[in-house]
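Me: Could you take me through this predicted model by question and answer, one chain and one helix at a time?

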Amino acid sequence: MRAPRVLPTLDEVDIGDHVCHLLDRADDVIDRSRAFVADGALHGDKVVIVGSAPQAESEFAPLVLDPARLKGSLLAAVRREAAAADREGFRSLRVLHHVMPSTRRGRNGEWLRSELDLEEFAADTGAMVVCAYSGADWDLPALQQISCVHPHHVGSRSVSPAFRVYRAEEEGWTVTGTVDSDGAVAFGTILCALLAHAPTVRLLCHTLEFFDAAGMSALADAARHLPERKVVLEGANETVRLAWKLSGFAIPDIPVVMAP
Amino acid sequence: MTASSPTPLAGAGYRHELYPYSGSDEFVTGALDFIQEALDGDEAVVVAVPQEKASLLRAEIRENDIVRYVDTSGVARHPGRLIAAWQEWIKEHVSEGRPVRGIGESPWDEVRSAAEADELRYHEWLLNMAFAQGPAWWLLCPYDVARDKSALAEMARCHPEIRRDGRTVPCEDYDARAPYAFVALTDPCDPYEEFLYTSGDLPALREKIAACAQQHGLTGRRLRELHLAATEVASNSIRHGGGQGVLRTWGEDRRLVCEFRDAGYLRDPLAGRTMPTARQVGGRGLWLVHQLCDLVEIRSTPDEGTTIRLHTELPE
């Protein structure tokens, strides 16, 4: 069972982990990740660096995937590498992803879709994915939203998300923590991203501690955002279920199902 | 303290009548007369009175398609839920285009506190505003003066009409332009806890409330509901009340009271008292607060800001 963890160092990264590595402005991604990459040889893992080629190319990087030069999606590329690693007898695939903001207009939200893809990839294949974000490149609200879609966290920066959405092992997404007015926008954005790629999204809410009216509105808005979509909330406590009904959201126009 | 404008004006289609009576016989006589007038005029009747009073009327007039006795147990002692309840109770008849009469009496014998009594009277005053623009209907409010005559004048100030000697006459104590005269909030009971909150403090605020609640034995579902209500009120302080507020918590007469003060002004006295629509943007916070708490007191003026008290009954 995957569960959120705060890791003291990248040495603790384990099979199937999807780690958000938040770096200080002065930190160098290569320096801070060198041990993680080197441990690939120690444990028999294939290592892939995702980042701009000039930065990553060196003896440090056995295999570099530059998102700007990929013909297909990043997800397709890492899935290919994971399959190859399996064929070649490696234990697993280690992915170090140095995430840079997109400079193209209208593509600022693409990282979220990419992170959800990588989260699903790590959970499904057992790959170890470390996403390195530099404080020099990302502002705090963005980093908080980024943290929400990683079950694992390492780094000196104290960005602790109130809630996390991560891949559960049973074809669903676990929602844990607190979704209130401070995180409702991020929650809604994540849901829209999930619904854009799946007709039904299962949210496993057994460890969802708190869900307020703003969070519920975000859920309702996301659910009716696209046609022919459905959100299934499983394991939400009776207060969430009551508040959902009291809020007037328990109607056919809003395709959200509250399941036991 | 007085309530804000707009002052409630009885709508052309809405009649709100106080019926002072003394004892069960007078209650039954007056209520049956009112029902019979409705039936003679082909009007529907909704009866929302305490169970024992309903039994007296049922013995005379059975429930049918025209006369309906509604279960008030979930709302009668929660003043903030009553306007929405009436909207729901009359909805079916209104949709058929049939004029509706209602008989509504609060269970005054069971009122737990002076605060609850005042909120019930405030609800009566708000009814005039809530239905001012709505469909035609006529609400009779029986009030037993044999139980307590002292509050009759306060009740009269909330009703545009009054029934005397079997006749409906204008109520002289009612002033459509006068604001509601609130009773001042009581002082917090000692000892009370205080916590200043601002953006980012909602988790800490919930922890403060949980600590106080646990001292008073409030846990589980009821604590989660209080957390939700408290979060909605505090979020309003942060977004609309000057960015911050002060929480006070204390125990009082087997209740946990959470008080929130901020610099904002709640312009609409009906906020949170009518059910939100599914497509409504925002406006659910106070609705949930009224639905989840046992009693809600709201005082708001442009000069003094807003004070909201949430009362939660403690387990025996």
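Reply: Before the helices are discussed, one definition is needed: the expected span of a helix is 1.5 Å times one less than its number of residues.

Me: With that rule, what span is expected for α7(B)?
Reply: In this predicted model, α7(B) is made up of 21 residues. From its first C-alpha to its last the helix reaches 30 Å, which is close to the expected value. The span expected for α7(B) at 1.5 Å a residue is 30 Å.

Me: How many residues of α7(B) are buried?
Reply: A residue is taken as buried if 20 or more other C-beta atoms lie within 10 Å of its own. Of the 21 residues of α7(B), enough meet this for the helix to be largely enclosed by the rest of the structure. The number of buried residues in α7(B) is 16.

Me: Which residue with a positive phi follows α7(B)?
Reply: The residue that follows α7(B) has a phi near 90°, and the sign of that angle is positive. The residue is G242(B).

Me: Which element gives the largest share of the side of chain B that touches chain A?
Reply: Between the chains, 18 residues of chain B are in contact with 19 residues of chain A. The elements of chain B that give two or more residues to this side are α6 (202-215), α7 (220-240) and α8 (285-292). By class, the residues on the chain B side divide into 7 nonpolar, 6 polar and 5 charged. The largest share, 8 residues, comes from α7(B).

Me: Is D212(A) buried or exposed?
Reply: D212(A) is found in the loop between β11 (208-211) and α7 (213-223) of chain A. The cut-off for a buried residue is 20 or more other C-beta atoms within 10 Å. D212(A) has 28 C-beta neighbours inside 10 Å, so D212(A) counts as buried.

Me: Which residues of chain B is D212(A) in contact with?
Reply: Leaving aside neighbours within four places in sequence, D212(A) is in contact with D180(A) and S181(A) in chain A, and its other contacts lie in chain B. Those residues of chain B are L228(B), T231(B) and E232(B).

Me: How far apart in space are D212(A) and A184(A), C-alpha to C-alpha?
Reply: In sequence, D212(A) and A184(A) are 28 residues apart. In space, the distance from C-alpha to C-alpha is 8.7 Å.

Me: Which elements do the buried residues of α3(A) pack against?
Reply: Helix α3 (residues 74-87) of chain A has 14 residues that should span 20 Å at 1.5 Å a residue, and its end C-alpha atoms are 20 Å apart, which agrees. The buried residues of the helix are V78(A), E81(A), A82(A) and A85(A). Seen down the axis of α3(A), these fall within an arc of 100°, so they line one face of the helix. The elements they pack against are β3 (45-50), β5 (92-98) and α4 (110-125) of chain A.

Me: Which residues are exposed on the other side of α3(A)?
Reply: For a residue to count as exposed, 12 or fewer other C-beta atoms may lie within 10 Å of its own. On the other side of α3(A), the exposed residues are A76(A), A83(A) and R87(A).

Me: Which element gives the largest share of the side of domain 1 of chain A that touches domain 2 of chain A?
Reply: Chain A is divided into domain 1 (5-156) and domain 2 (165-259), and 10 residues of domain 1 are in contact with 9 residues of domain 2. On the domain 1 side, α4 and α5 (140-148) of chain A each supply at least two residues. By class, that side has 6 nonpolar, 1 polar and 3 charged residues. The largest share, 6 residues, comes from α4(A).

Me: What distance separates the centres of domain 1 of chain B and domain 2 of chain B?
Reply: Chain B is divided into domain 1 (14-170) and domain 2 (193-313). In the contact between them, 13 residues of domain 1 of chain B meet 13 residues of domain 2 of chain B. Taken over C-alpha atoms, the centres of the two domains are separated by 30 Å.

How values were computed:
Residues are numbered from 1 along each chain as its sequence is written. Chains are lettered from A and ligands numbered from 1 in the order in which they are written. This is a predicted model: local features need pLDDT of at least 70, side-chain atom pairs count only at pLDDT 80 or more; totals for chains, interfaces and linings use all residues. Domain bounds come from an automatic or database domain assignment. Two residues are in contact if their C-beta atoms, placed from the backbone, lie within 7 Å. Helices (H or I, at least four residues) and strands (E, at least two) are DSSP runs, numbered from the N terminus. Ala, Val, Leu, Ile, Met, Phe, Trp, Tyr, Cys and Pro count as nonpolar, Asp, Glu, Lys and Arg as charged, and the others, Gly among them, as polar. The arc is that of the directions from the helix axis to the C-beta atoms.
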